[in-house]
Amino acid sequence: MTELKQPTEVDIDKLMAFVFRSVDEIGATLNTALVVMGDKLGYYRAMAASGPTTPKRLADDTGTTEPYAREWLNAQAAGAIVEYDAATGQYTLPAEQIVAFTDESSPAYLPGFFQLALGTMQDSARIIELARRGAGFGWGEHNHDVHEGCERFFRPGYNAHLVAEWLPALDGVVPKLETAGTRVADIGCGYGASTIMMAQAFPTASFVGYDYHADSITEARTRAQAAGLGDRVRFEVASADSFAGDGYDLVTTFDALHDMGDPVGAAQHVRRSLADTGTWMVVEPMAGDHVQDNLNPVGRAYYGFSTLLCTPASLSQDVGLALGTQAGPARIRDVVTQGGFTRFAKVAETPFNQVFEIRP
């Protein structure tokens, strides 16, 4: 056993400052579950509809009980998510939080992010044991909150940027998508949000979504049927290095390349499947090329997901390259270059994503 060395000097003020910062960290950790609770019980939606409220009214409005509503409101007030008026005893959800917690069309919509985080933490005990021996934990092994939360987190951003900004940033791709007969493959499609959005925007093109998680493909098919796209969109179970078809005009991969066990092998397969004039659009989490570039709130969240979710997913597959969620543009360029591509450019970004145009 390694002997622990005691520090020779401790600044008591700095120590206590860190202790109280850690108290805030614990509150933030617990708040992840509280936000999911508020989302699932309808607390935020009820507060948005009612304006200033009380624990009793919130409980009545949501069909829950007053003790839970009271303590939840107080926790949200202590975290500055809701506002508390001591004179009236009422709680108000500010306009900005109404958008963030109730407007699913807004790119600032957050419940899915919290749901994804909570689901990830629920499986953390398994990850701790697997880390002792370097083993992986597959995407399909995670609980439902991980799968649903991931889709709910990324979908608003895709809805805001995919058709309006990201596809137009690719050289010549939008005119091609507007031409009858254009073929698109969406790799790692999950619940099919990105595939369905593109199909709705470009009705003369045909789309197929692939994912190795069978339950996600089942959900994607259900959603495509509900959207009336069953004739133009297919979803199939397949890995990124074995999906069917060739001559695709566009291949897309959204927030999935870093999760793959063998991203180089996937890149090689995409290259074989793509037409010589085709484009591969890869959307990845926002990241710089160096650790110090990512020491910020977004990087902190993504490194957390990388440790507990994305790296275990990669290690559960063949090769297990474990790129990590914060791989950065240079590492992505290296992967696709090894895969046989010669042109690589970053063409768009948001606070959470960066978009790469990759060509043969």
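A crossing is called left-handed if the near helix is turned anticlockwise from the far one by less than a right angle, and right-handed if clockwise. This is a predicted model, where local features need pLDDT of at least 70, side-chain atom pairs count only at pLDDT 80 or more, and totals for chains, interfaces and linings use all residues. Residues are numbered from 1 along each chain as its sequence is written, and side-chain values use heavy atoms, with hydrogens and water left out.

**View 1. Helix 1 passes helix 4 in a left-handed crossing.** Helices here are DSSP runs (H or I, at least four residues), numbered from the N terminus. Helix 1 covers residues 12-41 and helix 4 residues 66-78; their axes come within 11 Å and cross at roughly 125°. Axes are lines fitted to C-alpha atoms over the stretch in contact, and angles run from 0 to 180 degrees between N-to-C directions. The two helices are therefore oblique to each other (under 35 degrees is roughly parallel, over 145 roughly antiparallel, 65 to 115 roughly perpendicular, and the rest oblique).

**View 2. Here is where helix 1 meets helix 4.** From helix 1 come N31, L34, M37 and G38, and from helix 4 come Y68, W72, A75 and Q76; contact means heavy atoms within 4.5 Å. Sort these residues and you get five nonpolar, three polar and no charged.

**View 3. C150 and C310 are in no disulfide.** The whole structure has zero disulfides, meaning pairs of cysteine sulfur atoms within 2.5 Å. The sulfur of C310 is the nearest cysteine sulfur to that of C150, 8.1 Å away. C150 is buried at 19% relative accessible area, and C310 is buried at 7% (buried is under 20%, exposed over 50%, partly exposed in between, with a 1.4 Å probe and protein chains only).

Terms used. Ala, Val, Leu, Ile, Met, Phe, Trp, Tyr, Cys and Pro count as nonpolar, Asp, Glu, Lys and Arg as charged, and the others, Gly among them, as polar.
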